[in-house]
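User: I'm new to reading protein structures and would like to go through one step by step. Could you show me how to look at it?

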Protein chains: 2
Amino acid sequence: MNKPVTLKDIARETGVHVSTVSRALDPNARTSLTREVVERIRSTAERMGYRPNRLASSLRTKRTMSIGLMIPDIENTLFPPIVRGAESVLEPAGYTSIIVNTDSDRKREAKLVDVLLERGVDGIIHAAPYLSDPRMIEVARRGLPMVTVNRQIENSEIPSVVNDDPGGIAMMLRYLHEHGHRHIAHIAGPKNLSTGRARIEAFKATAKELHLDLPDEALVVSNYFDEQEGRRCTRQLLESGTEFTAILCANDRLALGAFDALRQHGLSCPDDISVTGYNGIPFLDLIPPGLTTIQIPQFDIGRIGAELLIKMMTDPDATIPRTTILPVKLVERGSVKRIDPA
Amino acid sequence: MNKPVTLKDIARETGVHVSTVSRALDPNARTSLTREVVERIRSTAERMGYRPNRLASSLRTKRTMSIGLMIPDIENTLFPPIVRGAESVLEPAGYTSIIVNTDSDRKREAKLVDVLLERGVDGIIHAAPYLSDPRMIEVARRGLPMVTVNRQIENSEIPSVVNDDPGGIAMMLRYLHEHGHRHIAHIAGPKNLSTGRARIEAFKATAKELHLDLPDEALVVSNYFDEQEGRRCTRQLLESGTEFTAILCANDRLALGAFDALRQHGLSCPDDISVTGYNGIPFLDLIPPGLTTIQIPQFDIGRIGAELLIKMMTDPDATIPRTTILPVKLVERGSVKRIDPA
DNA sequence: AGTATTTGTGCAATCGATTGCGTGATTTCT
DNA sequence: AGAAATCACGCAATCGATTGCACAAATACT
């Protein structure tokens, strides 16, 4: 491994001082140097194959040009698009990201934040914090630029980029209503997540608006956003004896679990029970009967989150919107049947 | 943002020299110091909340404890499990990984390698190199520890971890044969990828072994491993007029595309045509009729790749197997029908 | 007891780039 | 033409941790 070319090497080669070389190669400082000198340095740097050592630079400037990207699990298809969205702006801006999987485990989250801090990240994008997350709030308070995307932390000043949960849920509930459904159950998300809470509240509010009958048993709360909980909650609905013709699920994976549980109970979707999801994860069009869902702009959530973070990192005094709400849209597939209102 | 505690601060506080502090905190060098001194330093370090500055350390030691993880696209469900597998060993070992998406674009790949090099990664795991990849070979030659996983580069000494492509394809072809199929088409992967080539060769070899009739038209080569190409190739097969009762696809996404194209042509899978895939990506069990496929151990591929890389990074003289081949298994679902041999 | 060896720390250079300050040379101004 | 201002670049400190070498004190040896 031949040792890399350093500023010193170029300085020796061109007969100038290393500080001059440094300035010649810095687009911002280049102003006060002679055109020729800059050109001479630039060309020999190129010729010698100079690659700046970011470590040395970072040590001096206190900026690593890297950020931390915290997600629950990269295997959850909801997150890769967010990651790509974020990188679509980070990479061109010269930032590199360290992705960590928290597995939605507070202990891991705390440990991984330390890892990121130790690595000197310039900022953090947290894609799925808890509603109450004192550790992250503390880190942000200390002055580390941070944005949360997809979910948000309550009682904090941390800017967040989320989709329009209330609007999306209302849209979906109205859609079911328009399709004749009057008895609609809801499988809600975990209460300790902002998405879980926002969606259940929107559901209740819209149900009231539409004058829907909403018995307590028609509303079950899941512990995790996954298929297994979707199955469990669906079973619970079925066994409670409450009457319903549709289930509005707080996310797609719960809905996929519902598909499964209904099938196991010998019920057909959408003929017996209609089901709807939320998020719009991939492959949904390939899974029968095709989940009607709310498509959230995952890529844009990541993209805008990264844009905000860069703004915060480069201009500490910039005014950053506390919450950025992105519009969603309803994607019709086959899981909702039009019925005659009872 | 209160400034971090440094060795110098601890030195001042405890009245010793910073080099002593450094040694006291280094588990390896701690030997030659007095128990008490070490203890005193350790405790005040703890009390002051000392966090080592990895940048400074790396600058001096030339080790960043970070590695580059190159994948085509994190949105492709094949890769997240590989990533998790790799991180399952990297993280506990104190390594952090920088994930880059090449989009299977040579220009991007070249650029991203430079980014990684500039960041001073200690090694690289490349999850999908081209068969011929001089740039990566050159980087490896220069002395940077590197392993390729999932695919491999030909004519290079770079260790790779791959699944048993020949075995898997042979297994699948035999399976179709046992189910009565005698006219079997193959949608092959791109020729410039090791997986594409290995699989087509295995297909031909096994077909010969089984004395299958294999006209040229029954074998079409895709340009990319994706659904669109699967559709195109299937259409081509259908329009060529060649006779076949099953299509063995070189990967799952091609097979998913085949599902689609068959449907568009009014054909049913598996009643009219059987289809098989390769890889075992998620959600396959939810997509009708359920793709029968070869499950590759993605997580283990990542895990073992990372283990090899760590070995290479920590002991340059270690003997590393040139190729590590992992076993695969056949997963039966509903896309293959048993028929009477014509 | 006197010399040789070991032990525990300190000193200072180093990794590579950045940057405030200084200075000689050139240009501009009166 | 002489003073002032500007310009182009060099000097040296700095970021924080690591490490070979030096050296004094303590211990072991003959």
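Analyst: Let's go through the chain pairing, the DNA surfaces and a few local features. This is a predicted model, where local features need pLDDT of at least 70 and side-chain atom pairs count only at pLDDT 80 or more, while totals for chains, interfaces and linings use all residues. Residues are numbered from 1 along each chain as its sequence is written, chains are lettered from A and ligands numbered from 1 in the order in which they are written, and side-chain values use heavy atoms, with hydrogens and water left out.

User: How are chain B and chain A related when one is laid on the other?

Analyst: The general idea is to superpose copies by least squares on the C-alpha atoms of residues with pLDDT of at least 70 in both. Here, a turn of 180° and a shift of 0.2 Å along the axis lay chain B on chain A with an RMSD of 0.4 Å. The two copies are therefore related as by a two-fold rotation axis. Both copies use the same surface: 98% of the contact residues of chain B recur in chain A.

User: What is the area buried between chain B and chain A?

Analyst: The size of an interface is often given as the accessible area lost when the parts come together. Buried area is the accessible area (1.4 Å probe) that two parts lose on being put together, summed over both. For chain B and chain A that is about 4200 Å², and carbon and sulfur atoms give 55% of it. On the chain B side, Arg84(B), Glu118(B) and Arg119(B) lose the most area to chain A, together 18% of what that side buries. If you count contacts (heavy atoms within 4.5 Å), 47 residues of chain B touch 47 residues of chain A.

User: How many salt bridges cross that interface between chain B and chain A?

Analyst: A salt bridge is a side-chain nitrogen of Lys or Arg within 4 Å of a carboxyl oxygen of Asp or Glu. The rule finds 12 of them across this interface. One pairs Lys111(B) with Glu91(A), their closest N and O atoms being 3.2 Å apart. There are also 20 residue pairs in polar contact across the interface, both residues at pLDDT 80 or more. A polar contact is a pair of N or O atoms within 3.5 Å; within protein, one must be able to donate a hydrogen and the other to accept it, and residues adjacent in sequence count only if both atoms are side-chain atoms.

User: Which elements of chain B give two or more residues to the side that touches chain A?

Analyst: Elements are DSSP runs, numbered from the N terminus: helices (H or I) have at least four residues and strands (E) at least two. On this side they are helix H4 (54-61), helix H5 (79-90), strand E2 (96-101) and helix H6 (106-118) of chain B. H6(B) gives the most, with 6 residues. By class, that side has 22 nonpolar, 11 polar and 14 charged residues. Nonpolar means Ala, Val, Leu, Ile, Met, Phe, Trp, Tyr, Cys and Pro, charged means Asp, Glu, Lys and Arg, and the others, Gly among them, are polar.

User: Now the DNA. Which residues are the closest to DNA strand C?

Analyst: A residue is near a strand if one of its heavy atoms lies within 4 Å of it. Of the 26 residues that surround DNA strand C, the closest are Leu7(A), Tyr50(A), Arg60(A), Thr20(B) and Lys62(B). Sugar and phosphate account for 64% of the strand's atoms that come within 4 Å of the protein. A polar backbone atom of Leu7(A) is 2.5 Å from a phosphate oxygen, and an N or O atom in the side chain of Tyr50(A) is 2.6 Å from a phosphate oxygen. H4(A) gives the most to this surface, with 5 residues.

User: What does Arg23(A) do at DNA strand D?

Analyst: A polar side-chain atom of Arg23(A) lies 2.8 Å from a base oxygen of DNA strand D. For Arg23(B), a polar side-chain atom lies 3.5 Å from a base oxygen of that strand. The surface near DNA strand D divides into 9 nonpolar, 11 polar and 5 charged residues.

User: Where is there a cis peptide bond?

Analyst: Most residues other than glycine have a negative phi, and most peptide bonds are trans. A cis bond joins Cys269(A) and Pro270(A), with omega about 10°. Another joins Pro288(A) and Pro289(A), with omega about 0°. As for phi, Lys62(A) has a positive value of about 70° although it is not a glycine.
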